[in-house]
Amino acid sequence: MTLPTDQGAYDDSGVVAELDRLNAACRADPGSIDHEIRLWQAVTRLDQWVLVDRGEPGSPRPYAIAAEQGHVLCIYSTPERARAGALAGGLIAPDASAPMFSVPLPQALDWALSLGERGVVGVTLDYPQVGAFCPLPNLERLRSARAAE
């Protein structure tokens with residue numbers, strides 16, 4: 001895990017635009033599994049996942065939201081989106097910076113899957129801006145597909 005130091009260095013507006021486009025396709029056709037698969041394939045091809053840190057210095061703990069089935073890990077495509085998620089979740093004041101860390105891909109997939117042992121049932125992207133959900137069994141399939149590429 002690494003701590004983002006220069007938020008601008010992580011901002012890839014092309015990636016964000018593509019994720020937003022894929023998410024819009026999912027919302028326009030909610031029954032289409034193909035749109036969801038394309039969105040999550042793009043998420044697994046990011047260079048890293050950025051996470052809001054709820055832990056103590058030296059002991060990061062990612063921000064997760066409670067769901068009926070268990071905890072949902074909040075992953076972000078950029079530090080800007082992570083900060084927006086922290087602000088929307090009431091984790092920081094409007095003028096504060098958000099503590100965060102990043103996990104490079106493909107290692108982030110293994111790491112997220114390992115959190116299933118701690119009650120995590122899935123991941124959500126850029127919550128609440130996007131909010132797309134992927135259960136851990138589907139993330140496992142995406143990890144296998146990425147490894148086969």
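Student: In what order do the four strands of the open sheet come?

Tutor: This is a predicted model, so local features need pLDDT of at least 70, side-chain atom pairs count only at pLDDT 80 or more, and totals for chains, interfaces and linings use all residues. Residues are numbered from 1 along each chain as its sequence is written, and side-chain values use heavy atoms, with hydrogens and water left out. Strands (E, at least two residues) and helices (H or I, at least four) are DSSP runs numbered from the N terminus, and two strands pair if DSSP finds at least two bridges between them. Here the pairing is mixed, and the order is β2-β3-β5-β6.

Student: Which strands stand at the edges of that sheet?

Tutor: Look for strands that have a single partner, because one side of each is then left without a neighbour in the sheet. That picks out β2 (64-66) and β6.

Student: By how many degrees are neighbouring strands turned against each other on average?

Tutor: Axes are lines fitted to C-alpha atoms (for helices, over the stretch in contact), and angles run from 0 to 180 degrees between N-to-C directions. For this sheet's average, direction is ignored, and the turn comes to 30 degrees.

Student: What is the bridge partner of glycine 122 in β6?

Tutor: Strands of a sheet pair through backbone hydrogen bonds, either parallel or antiparallel. β5 and β6 take the antiparallel option, over three bridges. In β6, the residue bridged to glycine 122 is proline 135.

Student: At about what angle does α6 run to β6?

Tutor: Helix α6 lies across both β5 and β6, where contact means heavy atoms within 4.5 Å. Its angle to β6 is about 85 degrees.

Student: Which salt bridge partner of arginine 143 also lies in α6?

Tutor: A salt bridge puts a side-chain nitrogen of Lys or Arg within 4 Å of a carboxyl oxygen of Asp or Glu. Arginine 143 has its partner three residues away, about one turn of the helix. The N to O distance is 2.6 Å, and the partner is glutamate 140.

Student: Is arginine 81 buried or exposed?

Tutor: Buried means under 20% relative accessible area, exposed over 50%, and partly exposed in between (1.4 Å probe, protein chains only). Arginine 81 sits in helix α4 (residues 79-88), 45 residues from aspartate 126 in the loop between β5 (120-125) and β6 (133-135), and the two meet in a salt bridge of 2.9 Å, N to O. Aspartate 126 is at 0% and counts as buried. Arginine 81 has a relative accessible area of 14%, so the call is buried.

Student: Which residue joins Arg81 and Asp126 in a network of salt bridges?

Tutor: Side chains of opposite charge can pair when their charged atoms come close. The structure holds six salt bridges. In the network, the residue linked with Arg81 and Asp126 is Asp20.

Student: How many residues apart are arginine 45 and glutamate 149?

Tutor: These side chains meet in a salt bridge of 2.7 Å, N to O. Arginine 45 is partly exposed at 44%, while glutamate 149 is exposed at 63%. One is in the loop between α3 (33-44) and β1 (48-52), the other in the segment after α6 (136-148), and they are apart by 104 residues.

Student: What kind of aromatic pair do phenylalanine 101 and tryptophan 111 form?

Tutor: Rings of Phe, Tyr and Trp (its six-membered ring) pair if their centres lie within 6.5 Å; planes under 30 degrees apart are stacked, over 60 edge-to-face, and the rest tilted. Phenylalanine 101 is buried at 1%, as is tryptophan 111 at 17%. With 6.1 Å centre to centre and 85 degrees between the planes, the pair is edge-to-face.
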